[in-house]
Amino acid sequence: MPSKFRRMFIIGCGSTAFTKPGGERTTEEMSLEAGTKALLDAGITYDAVEAAFVGFCYSESTSGQSALYNLGMTGIPITNVNNNCSTGSTALVHAANAVKASLVECALALGFERMAPGILTSEVQDRIGPVTLFALRTLELEETLGENFGPVAPRLFSNAAKEGAKYGANIEHFAKIASKNHKHAVNNPYAQLRDGWTEEQVLNSPKVADLITKLMCTPTSDGAACCIVASEDFVHAHKLENQAIEIVAQAMETDEPATFDSDSALELVAYGMSKRCADKVFAQAGFAPGQGRDEVGVIELHDCFAPTELALYAALGLCVLETAHKIVEDGDNTYGGKYVINPSGGLEARGHPIGATGLGMHFSITMQLRGWAGKSQAPSLFDIPDKRGKYGLVHNVGLGGATVVTLLRRPEFFQAGGEDGRTRLGYNHATECRPIMAVDVGKVKAKKSSKYLLQAGLAKL
């Protein structure tokens with residue numbers, strides 16, 4: 001990293017449970033919970049936040065301000081972010097870049113969504129949407145891949161799975177991935193689906209497209225998540241050495257012509273975009289081309305459909321496409337294997353409130369690297385000579401398109417012990433999801449706060 005850039009650290013995280021759409025909670029209520037928990041975790045008030053970036057896809061303009069005003073009205077810049085399914089991670093990229101470029105000492109990234117049940121549809125009906133060409137292109141590719149069926153989203157990823165099948169993967173591999181993620185979610189109090197479906201149950205659920213059954217799909221969800229990023233000076237000034245996790249490298253990549261021009265269904269669903277982004281991140285971290293993956297221990301990746309996870313093993317450089325199915329067969333994607341992939345349950349089981357998803361992923365990996373994840377904790381992360389332990393990796397993608405990849409690790413000054421976020425919240429919020437109370441908001445709200453807004457918002461707590 002050039003010397004003109006500073007180091008970046010996640011110092012606080014908070015999340016709501018991700019739940020079935022149609023609940024009564026407003027986006028403001030969910031955002032207040034996630035933001036309050038993140039601030040309590042970091043041991044700071046909203047006064048310390050100098051900039052905020054708020055992600056969502058299904059709310060009106062300036063909803064980000066509305067989501068944060070219950071924590072204070074301090075006049076800071078609040079930028080609203082919409083980048084399809086990578087919205088939450090995109091908000092985090094901007095918050096981290098503000099710290100990295102010395103524009104601020106502390107920035108906040110928040111994501112939320114309140115969704116409609118069922119298959120995703122466009123909110124705009126009077127024009128061609130940005131994903132329309134992706135849908136048309138996948139239909140063209142079916143002339144060589146063979147006929148398919150189903151709604152646009154699963155059909156896109158189903159066609160990619162059909163292309164990937166020539167490398168040895170089949171529907172049984174996808175069922176193993178889906179079952180693995182659902183079993184991981186059993187230990188995650190934030191997960192929407194905690195039934196721990198078996199491979200047989202996954203395979204026997206209704207097909208929504210070729211090679212994809214209903215239980216291989218991510219559900220739509222309501223929820224919010226928040227991460228706070230700060231400089232190294234801020235970490236030391238606030239004595240956060242016992243919980244700060246470094247963003248060692250981070251990148252965002254968009255499409256290149258190959259997305260449409262390569263006649264590849266895999267390219268159409270961000271395979272190349274994800275590969276380029278991962279390669280950039282490992283290069284930023286100082287690794288030679290193709291190196292560094294063996295130093296990763298835990299991963300949250302964008303498993304919007306089970307076949308997508310398998311293809312991403314290769315895109316992220318964990319293997320090549322020809323051997324991706326071997327990771328599944330050998331159990332190298334779960335506890336006891338080489339990597340623990342999607343310990344939260346992934347999108348398939350934790351849920352997918354679009355604006356919050358990427359931040360929920362970073363919440364999960366941050367808690368893993370702190371060693372707070374309880375029954376979900378990836379083993380052996382710190383059983384290496386380097387006291388910083390292994391890396392955690394996050395991958396989040398949105399069609400249309402944008403991919404974010406983040407490489408995280410304990411810093412060399414990390415020292416567990418003393419008061420930390422668990423003390424300030426009164427429980428370990430990595431392993432338990434509790435509602436917030438008015439007294440919690442009182443501990444973190446800014447000095448500049450609207451009595452009118454607080455009375456309206458806190459009355460519901």
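Contact, in these exercises, means heavy atoms within 4.5 Å. The structure above is a predicted model, so please treat each solution as a reading of that model.

## Exercise 1: The surroundings of Ala191

Task: Find which residues Ala191 touches, not counting residues up to four places away in sequence, and decide whether Ala191 is buried or exposed.

Solution.
- Step 1. Place the residue: the loop between α6 (171-185) and α7 (199-204) holds Ala191.
- Step 2. Collect its contacts. Leaving out residues up to four places away in sequence, Ala191 touches Phe18, Ala185, Ser344, Ala349 and Arg350.
- Step 3. Check accessibility. Buried means under 20% relative accessible area. Ala191 has a relative accessible area of 9%, so Ala191 is buried.
- Step 4. Try a distance. From C-alpha to C-alpha, Ala191 and Cys85 are 18 Å apart in space, with their positions 106 residues apart in sequence.

## Exercise 2: Counting disulfides

Task: Work out how many disulfides the model has, and why Cys227 and Cys13 are not bonded.

Solution.
- Step 1. Recall the cut-off: a disulfide is a pair of cysteine sulfur atoms within 2.5 Å.
- Step 2. Start at Cys227. Its closest cysteine sulfur belongs to Cys13 and is 3.9 Å away, which is too far for a bond.
- Step 3. Turn to Cys433. This residue is in no disulfide either, as the nearest cysteine sulfur, again that of Cys13, is 14 Å away.
- Step 4. Give the total: the count comes to 0 disulfides.
- Step 5. Add the accessibility. Cys227 is buried, at a relative accessible area of 0%, while Cys433, at 26%, counts as partly exposed.

## Exercise 3: Helices α11 and α12

Task: Describe how α11 and α12 cross, and find which residues of α12 are buried.

Solution.
- Step 1. Take the geometry. Helix α11 covers residues 271-284 and helix α12 covers residues 306-315; their axes come within 9 Å and cross at roughly 40°.
- Step 2. Name the arrangement. That angle makes α11 oblique to α12, and the crossing is right-handed.
- Step 3. List the partners. From α11 come Tyr271, Ser274, Lys275 and Ala278, and they meet Ala311, Leu312, Ala314 and Ala315 of α12.
- Step 4. Sort them by class: the contact of α11 with α12 has 6 nonpolar residues, 1 polar and 1 charged.
- Step 5. Look at the burial of α12. The buried residues are Ala306, Pro307, Thr308, Glu309, Leu310, Ala311, Leu312, Tyr313, Ala314 and Ala315. With 10 of its 10 residues buried, α12 is largely enclosed by the rest of the structure.
- Step 6. Step past the end of the helix: Gly317, just after α12, takes a positive phi of about 90°.

## Exercise 4: Two more helix pairs

Task: Find which residues make the contact of α4 with α5, then which residues of α3 and α15 meet.

Solution.
- Step 1. Begin with α4 (residues 132-145) and α5 (residues 152-164), whose axes come within 10 Å and cross at roughly 40°. This crossing of α4 and α5 is left-handed.
- Step 2. Name the residues. Helix α4 supplies Phe134, Ala135, Thr138, Leu139, Glu142 and Leu145, and helix α5 supplies Val152, Arg155, Leu156, Asn159, Lys162 and Glu163. By class, they are 6 nonpolar, 2 polar and 4 charged.
- Step 3. Move to α3 (residues 87-100), which packs on α15 at an angle of about 60°, with the axes 5 Å apart.
- Step 4. Pick out the residues. Thr87, Gly88, Ser89 and Leu92 of α3 meet Ile354, Gly355, Gly358, Leu359 and His362 of α15. Here the classes are 3 nonpolar, 6 polar and no charged residues.

## Exercise 5: Backbone details in loops

Task: Locate Ala270, Ser380 and Gly401, and describe the backbone at each.

Solution.
- Step 1. Ala270 sits in the loop between α10 (265-268) and α11. Its phi is near 80°, a positive value in a residue other than glycine. Ala270 is buried, at a relative accessible area of 2%.
- Step 2. Ser380 belongs to the loop between α15 (354-370) and β11. The phi of Ser380 is near 65°, also positive in a residue other than glycine. Ser380 is partly exposed, with a relative accessible area of 39%.
- Step 3. Gly401 lies in the loop between β11 (391-398) and β12 (402-409). Gly400 and Gly401 are joined by a cis peptide bond, with omega about 0°.

How values were computed:
Residues are numbered from 1 along each chain as its sequence is written. This is a predicted model: local features need pLDDT of at least 70, side-chain atom pairs count only at pLDDT 80 or more; totals for chains, interfaces and linings use all residues. Side-chain values use heavy atoms; hydrogens and water are left out. Buried means under 20% relative accessible area, exposed over 50%, partly exposed in between (1.4 Å probe, protein chains only). Axes are lines fitted to C-alpha atoms, for helices over the stretch in contact, and angles run from 0 to 180 degrees between N-to-C directions. Helices (H or I, at least four residues) and strands (E, at least two) are DSSP runs, numbered from the N terminus. Angles under 35 degrees count as roughly parallel, over 145 as roughly antiparallel, 65 to 115 as roughly perpendicular and the rest as oblique. A crossing is left-handed if the near helix is turned anticlockwise from the far one by less than a right angle, and right-handed if clockwise. Ala, Val, Leu, Ile, Met, Phe, Trp, Tyr, Cys and Pro count as nonpolar, Asp, Glu, Lys and Arg as charged, and the others, Gly among them, as polar.
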